[in-house]
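Let's take a walk through this one together, a piece at a time. Keep the viewer open and rotate as we go.

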Amino acid sequence: MAETTAHAAVHHAPPQGFIRKYIFSIDHKVIGIQYTTLSLVAAFIGMVLSWAMRIHLAWPNAHIPILGWLSPNGAPGGVMTPEYYLSLMTMHGTIMAFFVLTAAPMAGYGNFMLPIQVGAADMAFPRLNMASFWVTFIGFLLACATFFIPDGPPLSGWTAYAPLSAVGSVAGPGQGWGQNLWGLSIALFCVASLLGSLNFIVTTLDLRTKGMKLSRMALSTWAWFINAWVSLLAFAVLLPTCLLLVLDRLAGTSFFIPGGLVFNDQLQPHSGGSPLLFQHLFWFFGHPEVYIIILPAFGIVSHIMPTFIRKPLVGGWKVITFAEIAVGTLSFVVWGHHMFVSGMSPYMAMVFSVPTLFITIPSVIAVLVWVFSLYGANIRFDTPLLYSLGFISLFITGGIGGFFLAQPSTDSYLHATSFVVGHFHFTMGLSAIFATFAGFYYWFPKMFGRMLNEKLGKLHFWLSFIGVYCVFITMQLTGMTGAVRRYSALVDDFMVPLLPAYRFMTIAALLLGAAQLIFLYNAIWSRFKGPKAPDNPWGATTLEWDTTSPPPFDNFGGRQLIVYHGPMQYDGEKSEMQTSPAPSIAGT
Amino acid sequence: MAGKIFAVLVVLVTLATAYCVIAHVWWMPIDISLHGPKIDQQLEETMWVAGLLFIAGQIVLAAFVFLYGGAKSRTKQIPGGAKYLVIFAFAIVGLEVLGLSVVGSKAWGAVYFEAPDPNSLHIDVQAGQFAYYFRYPGPDGTFGALHPELISEANQNYFGLDIDHDADAKDDIVTAEIAIPVNKPILLTLHSKDVGHSFDVRELRVQQDFVPGLVIPIHFTATQTGRFEIVCTQLCGLGHYNMKAYLNVLSQADYEEWLKKQAAMQ
């Protein structure tokens, strides 16, 4: 599509008053910061939940007073019940997967940076953008509300498999209103994501400034753009799935509940539904979802690296972007690899296994691009780059586990073990978190006009990098014994000997968590007391560095930018802004 | 400096991981099924392929980070640019995944595409929150029909059998543990009375979900006697962690005696 020209004019007036400026703001930058802050709060809640779970696993009788206060039923006297463990686990997964990993790198940074990176004054639909955030916020409140209702949060996992999630409180504690609120919360999140995706797509296609061809876009913008398409298709399936689940629970329908179910010797009134239908619908969303989480991470790392290695990525914008498009496309035909042991036809297992293995190829291409771009570089080890390198290492480690889980024969042994939990924490959990940190350290000066403390940033990185490996490589490798996930206690004969390893993971996880307090302190202190940030502290080339820190409300102070070349004009100490008319560097 | 620390850390992590795998610090238990060696072999081969990629990836990352820190005035690209990287990904990784797909489908097919042996011993398995029950057809060799409305934990009618009206059901033997004869083909039919559960015996290399509303057959042959844990791996509610039973693999004679004892206890 040809670039448009006459759009740089401001299409909404500067906001007036505190509420319009900071609360119900239609400014994409404020919305980006709102999303980022929401994710940060959610991340700390999710992390505290994981601490409680890990403490319980390692020391089952440990008193955790705050839990006793939060839920007298779930943790009488501060000692967690098995069902409360599952509730915390469910909410840890839900909060982390949706409100942190999906929200921060896409809706948080994407909202702030994408319009600036294409040279626009705002998103295409600013009011829709505001609606996205506030719908997400209500969804988050609903999810958090489950902690404060008598029955507590749901316990059916973030995957909410029916019929456990669908039949209601006959299935035991944690299946009352908590599950209803969960369904509604995720449905709202879907609505917000759909609105957000439309906004990202239209903004990228229609609001690029003069000269900003698709081939000249920042690599982060490319990833957000690709990801918006994947999100649009995936959340469009999860939304009705959540609504049908809620209907099964509240309206007596039987989409996911078969006939003949018996709880407490009582035959249930449902008939004709299919639990496997729920699994297919959930994973049709769920597998693209892990790429929805990781594609922005690809983009952020690809965007950040050239600045700090002082050279373009090998293969220019094309190779990494086509790898991302291939990953995004293939992500829709692999969902059945979550269902190899589900009772799905064993012939279908082959249909899903082969594309799952082949999605390795574009993923390997992306990794090779990042790694081999380091060849012949002038690497500057600022914190954003350290986190990018950490991302690459974690993503390699995580990706390797995929070989085992992509094949039905090996998955039939490893399915539902801690091998899987370690694998996905590497691939889409901590990889995405590391890329999110890379983005945070990189863009913080632009977002807030202050520099973060570099020493604390590095300390945060070293502790996090070591901590993550201690926790999750142990988790993945203990899975080789068949150690079952989602157990609130180690009671099986073969799992009892794993207790020392579980305790090691718990201690490492607590230290890893403590390291995040360094980050929190650094972020809050620097926000108010950090040294003032220059416009372009890293010597970068893209449009967000071509304006003040933070940018004015219309992003460029009324300037109409003209872009002359792509974003990777680096050669050693030299670099050229995208708006520089006569580039002296033969970059891409 | 930071680059060198990073490189050293990455190498240490790689070595530690490789050690844990090679030394089998945490590893699979013994394999007691006829089909198991195929799965183990596939896992072993995958470990080679994946392990080499893991080590190569981390070491090259560490090496470049180690070598290319610090300011030089000019930078250079890898000779040949992205061309060789893409060729490598398609040729080497492509071949690897193609190989794994082909060999892996054979391992999977050998287990799951084969019909059960017609002489298999057929045992019916029902899962419910949070226990397994097993049913042998009794002397008539026929299972009685299931009536969910008759299921009653209180009356110990776990399967919902109509013993009063159904001659087939009358001699069915219902047990809380499962015993099988060694080296005899076994056919299990799995069904759940409430939510999803799973039948996982690590030593058999068998893991299969129970899906409410479906009857799912699995078949295997155990090659060693012993007592093995059956654990639930599909989240089924508050007692999930504690849902287990035992599989006893017995000699033919011991099995027959065990079954006789169970029949007498009905």
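One bit of vocabulary comes before anything else: a helix crossing is called left-handed if the near helix is turned anticlockwise from the far one by less than a right angle, and right-handed if clockwise. Also keep in mind that what you're looking at is a predicted model.

With that in hand, go to chain A and find helix α2, residues 28-58, and helix α5, residues 126-145. Their axes come within 10 Å, and they cross at roughly 15°. Angles under 35 degrees count as roughly parallel, so α2(A) is roughly parallel to α5(A). As for the hand, the crossing of α2(A) and α5(A) is left-handed.

Which residues do the touching here? On the α2(A) side, look for A:H28, A:I31, A:Q34, A:Y35, A:L38 and A:A42. Across from them, α5(A) brings A:P126, A:N129, A:M130, A:F133, A:T136, A:F137 and A:F140. Sorted by class, the residues of this contact come out as nine nonpolar, four polar and no charged.

Chain A has another helix pair to look at. Helix α6 covers residues 177-206, and helix α7 covers residues 219-250. Their axes come within 7 Å and cross at roughly 155°. Over 145 degrees counts as roughly antiparallel, so that is how α6(A) sits against α7(A). The crossing of α6(A) and α7(A) is left-handed. The residues of this contact split into 23 nonpolar, eight polar and one charged.

Now bring chain B into view. How many residues of chain B are in contact with chain A? There are 90, and they meet 92 residues of chain A. On the chain B side, the elements that each supply at least two residues are α1 (2-22), α2 (36-67), α3 (82-112), β7 (206-210) and β9 (226-231). Of these, α3(B) gives the most, with 16 residues. By class, the side of chain B that touches chain A has 50 nonpolar, 28 polar and twelve charged residues.

Since β7(B) turned up in that list, let's zoom in there. Is β7(B) mostly covered or mostly open? It is mostly covered, with five of its five residues buried. In a regular strand the side chains alternate between the two faces of the sheet. In β7(B), B:V206, B:Q208 and B:F210 point one way while B:Q207 and B:D209 point the other way, and all are buried.

The partner of β7(B) is strand β6 of chain B, residues 197-201. Five bridges join β6(B) to β7(B), and the two run antiparallel. To line the strands up by eye, place B:H197 opposite B:F210 in β7(B). Together β6(B) and β7(B) form a hairpin with four residues between them. In that turn, B:R205 has a positive phi of about 55°.

That leaves the five-stranded sheet of chain B. Strands of a sheet pair through backbone hydrogen bonds, either parallel or antiparallel. This sheet is open, its order is β3-β2-β1-β5-β8, and its pairing is mixed. The edge strands are β3 (173-175) and β8 (216-221) of chain B, each pairing on one side only. From one strand to the next, the twist averages 25°.

Let's cross the sheet from the β3(B) edge. Strand β2 of chain B, residues 131-136, pairs with β3(B) in the antiparallel sense over three bridges. Here B:Y136 stands opposite B:I173, and B:R135 stands opposite B:V174. Next, strand β1 of chain B, residues 121-128, is joined to β2(B) by five bridges, and these two run antiparallel. You'll find B:A127 opposite B:Y132 in β2(B). β1(B) and β2(B) form a hairpin with two residues between them.

Then the direction of pairing changes. In which sense do β1(B) and strand β5 of chain B, residues 185-192, pair? They pair in the parallel sense, over seven bridges. One of the pairs to look for is B:V125, whose bridge partner in β5(B) is B:L190. Finally, β5(B) pairs with β8(B) in the antiparallel sense over six bridges. There B:T189 stands opposite B:P217 in β8(B), and that strand brings you to the other edge of the sheet.

Terms used: Residues are numbered from 1 along each chain as its sequence is written. Chains are lettered from A and ligands numbered from 1 in the order in which they are written. This is a predicted model: local features need pLDDT of at least 70, side-chain atom pairs count only at pLDDT 80 or more; totals for chains, interfaces and linings use all residues. Axes are lines fitted to C-alpha atoms, for helices over the stretch in contact, and angles run from 0 to 180 degrees between N-to-C directions. Angles under 35 degrees count as roughly parallel, over 145 as roughly antiparallel, 65 to 115 as roughly perpendicular and the rest as oblique. Two residues are in contact if their C-beta atoms, placed from the backbone, lie within 7 Å. Ala, Val, Leu, Ile, Met, Phe, Trp, Tyr, Cys and Pro count as nonpolar, Asp, Glu, Lys and Arg as charged, and the others, Gly among them, as polar. A residue is buried if 20 or more other C-beta atoms lie within 10 Å of its own, exposed if 12 or fewer, and partly exposed in between; C-beta atoms are placed from the backbone. Two strands pair if DSSP finds at least two bridges between them.
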